[in-house]
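Open the model in your viewer and keep the selection panel at hand. The tour goes chain by chain, then stops at one helix pair.

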Amino acid sequence: MDGKEKRRSYFDEPEASREFHSSFYKFLDALYKRSVGQYIPSQNLQSLKHGGEFSHPGAPQAFISGMREHRTEFSIKHQQIIDHDLSVIPKAIESVLDQMRKSFAQTMYSTISDSCELSGNVVDAKAEGSAPAAFLKMLETIEFTADKDGNVRLPQMHMGPVAFETFIAQMKEIPPDMEARIEAIKAEKIKKAQETEESRKARFLRYGDSE
Amino acid sequence: MRVLIAIGCDAYQHVGPLNGAERDARRMFECLVREEVGDYDMASSRLLLSPTINEVRECIQETLLSAPNVEAFTFFFAGHGHVSSSSFYMLVKDSRCGSLSMSGFSLADLFKCLNEARPNQTNIIIDACESGGLITDLSMLLKPELLGDAGTPSVTLVATAGKDQTAGETPSGGFGTSAILDCIEGKDFIQDSNSALDLVEIGRRISVHLAKFDQNPIVWGLNLYGPPSFCRNPRYGSDSTAPLRSLIQEWPSADEESAGLTQKNLWSLYNALHTEWEPEKFSSATKELLESCKQDSAVLSGLIYRLATTFSVRAQESDDMYRPCQVSAALASCLIPYTSDAEIAQRTQDLMDQCCAEIMNATESLFEELQLSKYAILSPSGIGMSELYYLPIRISKILGWSAASTLISSNDEQNAQAKDQFTRLLQFVLENYPNSVLAINDVQAPYWGLVIARAVSLGLMDEAELLASLLFMSITDCAGRLCRCDLSADKVLNYLLFRNNPQQEGFDDLIERPIELLTVLLKAATALNLNETFDESLWKLDGVSFLAYLPSDYKSFGDRVMHGGNNYVWAIGYDVFRVDDLERYWPSSVGTPQSLIDARLAIISSLLFPDRVAWFCIDALLGKGSSSPANELAK
């Protein structure tokens with residue numbers, strides 16, 4: 001007992017309200033998942049069944065970002081309800097999704113940043129002197145990965161619209177030797193990624209042999 | 001008749017005396033003969049203090065054999081006890097240990113009389129040393145082949161010590177007797193679910209206490225038939241379910257199977273009353289119960305009274321202030337088939353008067369809260385988006401029931417108050433919640449129909465006109481696509497998204513077709529001189545079909561599904577292009593309730609089961625009715 005007097009109700013249907021809100025959350029969840037899918041392929045999404053962080057006892061080098069809380073809220077005024085202002089619904093949906101998207105993007109980039117800081121995979125564009133030089137340095141620094149079939153997916157670059165325009169413009173002007181250097185690094189990294197994948201598979205007994 | 005013999009023996013000629021046995025017998029006797037405790041017949045019951053063996057035998061013979069129809073017989077003994085030659089004996093004043101078969105009182109002596117007198121129930125309490133030894137006697141005295149047969153006399157026995165144990169006492173009395181008296185007087189709790197206590201229950205309970213004094217009571221019960229009747233249960237009634245328990249016990253059902261079913265049904269009805277309220281289920285179960293008593297109107301009337309009393313108390317435990325009136329209304333509506341009987345009709349009217357008072361009570365409570373906050377109509381549990389859907393429906397219900405309260409009472413003073421309250425409520429809503437006065441679901445049809453028609457009949461023309469206009473506008477805004485009556489709560493969001501942008505397609509499965517609320521508004525338009533206004537916007541409803549269900553017989557108006565009757569259907573742009581067209585095609589001859597009471601019952605049935613509209617009432621209130629009961633309502 002909290003000592004608080006329970007409010008009287010008048011033809012209230014609390015169970016129906018709960019069901020309504022449950023359907024609203026499911027609706028938001030579906031929209032949110034679609035939105036997150038823009039950043040992370042759905043096959044890479046993992047979920048936790050219980051509390052506690054992920055840990056990788058067999059791969060201590062794996063980066064653990066920890067748990068981050070995402071929170072959002074929206075409010076509807078009583079007056080909007082009794083005015084039967086239906087526009088509150090799309091506004092609320094948009095507001096929630098927007099906040100969740102921003103919050104997710106912040107988390108994702110800060111996690112990547114933390115991971116890079118930890119491994120030393122950080123390239124300072126200013127120190128490199130130009131965007132193409134920084135790009136070259138970045139290629140030299142990072143490792144590519146190959147999938148089970150040996151296909152290598154090149155790294156994604158996320159940048160703002162202005163930075164992107166500048167980057168594209170500068171890359172069009174790069175000298176031939178730098179371009180050759182970039183291609184050589186790409187080929188080398190692709191080859192290395194495929195070799196790494198081959199050696200990973202070689203750790204299995206008779207990988208791919210179903211006989 | 002209930003007969004008690006209590007024997008306490010302190011004075012002994014041949015064995016050592018005792019101190020508290022007489023006091024125990026006196027305490028037990030004085031306690032059990034009290035009407036509110038044991039209700040044993042004082043004149044036929046006996047208290048024997050330190051009697052001789054002959055006095056005991058004479059007393060038992062005289063008491064048991066002379067008393068007519070002994071319903072319950074209780075024998076209590078406090079004194080010395082002893083097991084000799086595998087038999088237990090109660091020692092009285094002149095008993096000798098060397099000749100107990102002659103001078104002691106055995107269970108066999110008692111059973112000789114019991115077998116002749118055959119009381120329906122016998123309770124034996126022996127607070128004596130070694131009293132557990134009587135179990136051996138019992139097995140020989142009771143014939144096993146008779147046990148369990150219908151009509152077998154019930155014998156229950158409590159011996160406060162094992163056959164090798166002494167029975168302790170203090171200056172205030174024996175441990176065993178004191179523990180039993182604590183149970184009888186309610187100091188020690190046994191149960192509150194039955195109006196009577198069984199000696200077996202008491203025996204079990206005192207076993208726990210007496211174990212502390214190294215006494216292990218023997219409890220033996222053969223009570224397969226008939227309710228326990230040792231004494232009343234002082235704790236019974238301390239819980240709110242007491243009236244229902246009483247009702248179940250007094251259920252006028254001849255066979256046990258039916259009684260069991262009744263119990264189950266009553267409990268399920270009762271349990272659902274203050275939580276999830278489903279009028280259909282309640283009504284269906286209640287009708288089944290009433291059906292079993294319909295042969296005797298006095299029984300039926302009594303049953304309804306007790307149901308109403310019981311359920312009313314329970315309904316008041318609900319947070320929903322309108323639950324009690326709905327329960328009363330549901331009970332009343334179940335009586336439609338029986339109102340030709342004058343007694344049932346009166347009982348029904350009493351229920352509707354009660355319902356009216358409960359509606360007014362709920363409405364007054366709402367007014368009080370509205371004075372503190374104009375948002376008090378909003379749900380305390382579901383504040384938020386869901387209210388965009390539920391609030392307009394709630395408002396129609398609140399006003400609908402208030403309108404009904406002005407029509408169902410037989411009390412003039414109550415009627416006047418109800419009218420005043422309805423007027424105030426309608427004006428408050430129109431002033432503070434005009435945008436929530438809108439058509440969203442077709443379940444609103446009976447409520448808004450009654451509200452508009454009642455407002456017209458009370459001369460609240462401006463209010464009725466505004467109301468009808470707001471509702472009509474909301475229907476044209478969504479092109480007549482009101483939500484299905486049976487829409488599940490998880491689909492409500494989809495419907496609201498549609499209403500936010502009614503041009504969207506793909507929501508067909510959420511829409512009711514045909515609708516009855518539009519029929520209500522078109523019917524009201526003529527009385528409110530809104531024909532021309534509505535005609536100008538009818539094109540926006542092109543293709544919308546609407547209906548009126550008119551039953552063939554209002555005796556079935558409280559049924560979940562009515563059979564027969566007619567579903568009259570029209571469509572805008574097909575047979576109706578003007579408001580007047582509906583009037584022209586409205587059936588000229590429609591059935592009406594046969595009596596005023598049936599008319600009132602039909603009104604509340606339409607509010608309980610909002611898939612029907614009391615058209616006769618709306619017609620009468622709008623000045624179009626021709627039947628006398630309906631016109632009487634309108635007055």
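Select chain A and color by secondary structure. From start to end, the order of elements reads α-α-α-α-α-β-β-α-α. That gives seven helices and two strands. Keep in mind that this is a predicted model.

Stay on chain A and switch on the surface. It exposes about 15300 Å², with 53% supplied by carbon and sulfur atoms. Of its 211 residues, 25% are buried. Now turn to contacts. Taking those with a sequence separation of 6 or more, 67% link residues 24 or more positions apart.

Next, select chain B. Here you will find 24 helices and 15 strands. Buried residues account for 58% of the 635 in chain B. Its accessible surface is about 25200 Å², and carbon and sulfur atoms hold 48% of that. For residues at least 6 apart in sequence, 75% of the contacts in chain B are between partners at least 24 apart.

Now zoom in. Select residues 445-457 of chain B, helix H16, together with residues 596-608 of chain B, helix H22. How do their axes cross? They come within 8 Å, at roughly 135°. An angle over 115 but not over 145 degrees is neither roughly perpendicular nor roughly antiparallel, so H16(B) lies oblique to H22(B). The crossing is left-handed.

Show side chains at this crossing. Which residues meet? From H16(B), pick B:Pro446, B:Tyr447 and B:Leu450; from H22(B), pick B:Ile603, B:Ser606 and B:Leu607. By class, the contact has five nonpolar residues, one polar and no charged ones. The polar one is B:Ser606.

Key
Residues numbered from 1 in each chain as written. Chains lettered and ligands numbered in written order. Predicted model: local features only at pLDDT ≥ 70, side-chain atom pairs only at ≥ 80, totals over all residues. Heavy atoms only, no water. Helix = DSSP H or I, 4+ residues; strand = E, 2+ residues; numbered from the N terminus. Buried < 20%, exposed > 50% of the residue type's maximum accessible area, 1.4 Å probe, protein only. Contact = heavy atoms within 4.5 Å. Areas by Shrake-Rupley, 256 points an atom, 1.4 Å probe, with all protein chains shown as cover. Axes fitted to C-alpha atoms, helices over the stretch in contact; angles between N-to-C directions. Parallel < 35°, antiparallel > 145°, perpendicular 65-115°, else oblique. Left-handed = near helix turned anticlockwise from the far one by under 90°.
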